[in-house]
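Hi,

Here is the model I promised to pass on. Have a look at it first, and my notes follow underneath.

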Amino acid sequence: LALVRARILQGPPEFCDAIMDIFVRFCYRKFLDYTLLDDLKQLRSRIHQHYHSTNKNEFNIKLGVGGIRDIELFVHALQVIHGGRDRSIRTSSTKKALLTLRDKKILPDNEVEVLDSSYWLFRRLEHMVQLG
């Protein structure tokens with residue numbers, strides 16, 4: 001899923017194109033392997049178990065349930081699931097991916113609005129904490 005957001009920053013054009021081609025073929029397949037869904041559930045579970053807080057009054061905006069990583073994981077999973085058949089869903093931008101998933105009627109407007117506003121609120125909070 002990390003390769004969904006991969007971007008080549010510099011290098012000879014032929015090399016960059018070859019690398020991106022490998023990433024695209026690895027991430028997006030025309031036929032979905034349904035073990036991917038189980039793998040995604042296990043990945044999410046491992047993230048939450050590893051960063052589980054014992055304090056019920058705390059919320060980890062990056063790694064907690066419903067936090068930044070959950071939103072990214074959800075959006076990237078939808079990109080992988082649908083991106084093999086629809087190239088327009090392939091983007092390294094979470095915002096653009098959400099808008100495209102909405103436009104393609106994969107996600108309803110209200111869910112995209114909640115995910116997008118939550119994602120950017122959490123990102124702003126994360127940056128404020130890092131500055132603090």
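Before the notes, a word on what I mean by a cavity: on a 1 Å grid over the protein atoms alone, it is a set of points where a 1.4 Å probe fits but cannot get out, whereas a pocket is an open set with protein on both sides within 12 Å along at least five of seven lines. Lining residues have an atom within 4 Å of a point. Grid points are joined across faces, edges and corners, and a volume is the space filled by probe spheres set on the points. The general idea is that rolling a probe the size of a water molecule over the atoms shows where empty space is left.

Please keep in mind that this is a predicted model: local features need pLDDT of at least 70 and side-chain atom pairs count only at pLDDT 80 or more, while totals for chains, interfaces and linings use all residues. Residues are numbered from 1 along each chain as its sequence is written, and side-chain values use heavy atoms, with hydrogens and water left out.

The overall picture

The chain has five helices and zero strands, so the pattern along the sequence reads α-α-α-α-α, with helices (H or I, at least four residues) and strands (E, at least two) taken as DSSP runs numbered from the N terminus. Its C-alpha trace spans about 50 × 35 × 30 Å along the principal axes. Of the 132 residues, 32% are buried (under 20% relative accessible area; exposed is over 50%, partly exposed in between, with a 1.4 Å probe and protein chains only). Taking contacts between residues at least 6 apart in sequence, 54% join residues at least 24 apart, where contact means heavy atoms within 4.5 Å.

The empty space

How many cavities of 30 Å³ or more are there? The count comes to one, and the largest cavity holds about 40 Å³ of space. Its lining consists of Cys27, Arg29, Phe31, Leu32, Asp33, Leu36 and Val80. That lining divides into five nonpolar, no polar and two charged residues (Ala, Val, Leu, Ile, Met, Phe, Trp, Tyr, Cys and Pro count as nonpolar, Asp, Glu, Lys and Arg as charged, and the others, Gly among them, as polar).

The largest pocket contains about 230 Å³. Around this pocket sit Leu1, Leu3, Phe26, Cys27, Arg29, Leu36, Asp39, Leu40, Leu43 and Val80, which split into eight nonpolar, no polar and two charged. Helix H1 (13-27) and helix H2 (35-50) each supply at least two of the lining residues, and H2 gives the most, with four.

H4 against H5

In general, two packed helices are described by the angle between their axes and the distance between the axes. Here the axes of H4 (residues 94-103) and H5 (residues 109-131) come within 9 Å and cross at roughly 170°. That makes H4 roughly antiparallel to H5. The axes are lines fitted to C-alpha atoms, for helices over the stretch in contact, and angles run from 0 to 180 degrees between N-to-C directions; under 35 degrees counts as roughly parallel, over 145 as roughly antiparallel, 65 to 115 as roughly perpendicular and the rest as oblique. From H4, Thr94, Lys95, Leu98 and Arg102 meet Asp109, Val112, Leu115, Asp116, Tyr119 and Trp120 of H5. By class, the residues of this contact are five nonpolar, one polar and four charged.

Some buried residues

Three of my picks lie in H3 (residues 68-83), starting with Glu72. Glu72 counts as buried because its relative accessibility is 6%. Beyond its neighbours within four places in sequence, Glu72 is in contact with Arg5, Thr94, Tyr119 and Arg123.

Asp70 is also in H3 and is buried, with a relative accessible area of 13%. Residues up to four places away aside, Asp70 touches Arg44, His48, Gly64 and Val65.

Leu78, again in H3, is buried at 13%. With the same neighbours left out, Leu78 touches Gly83, Leu101, Ile106 and Leu107.

Over in H4 there is Ala97, buried at 0% relative accessibility. Outside its neighbours within four places, Ala97 is in contact with Val75, Gln79 and Thr91. Leu78 and Ala97 are 19 residues apart in sequence, with their C-alpha atoms 9.0 Å apart.

Cheers
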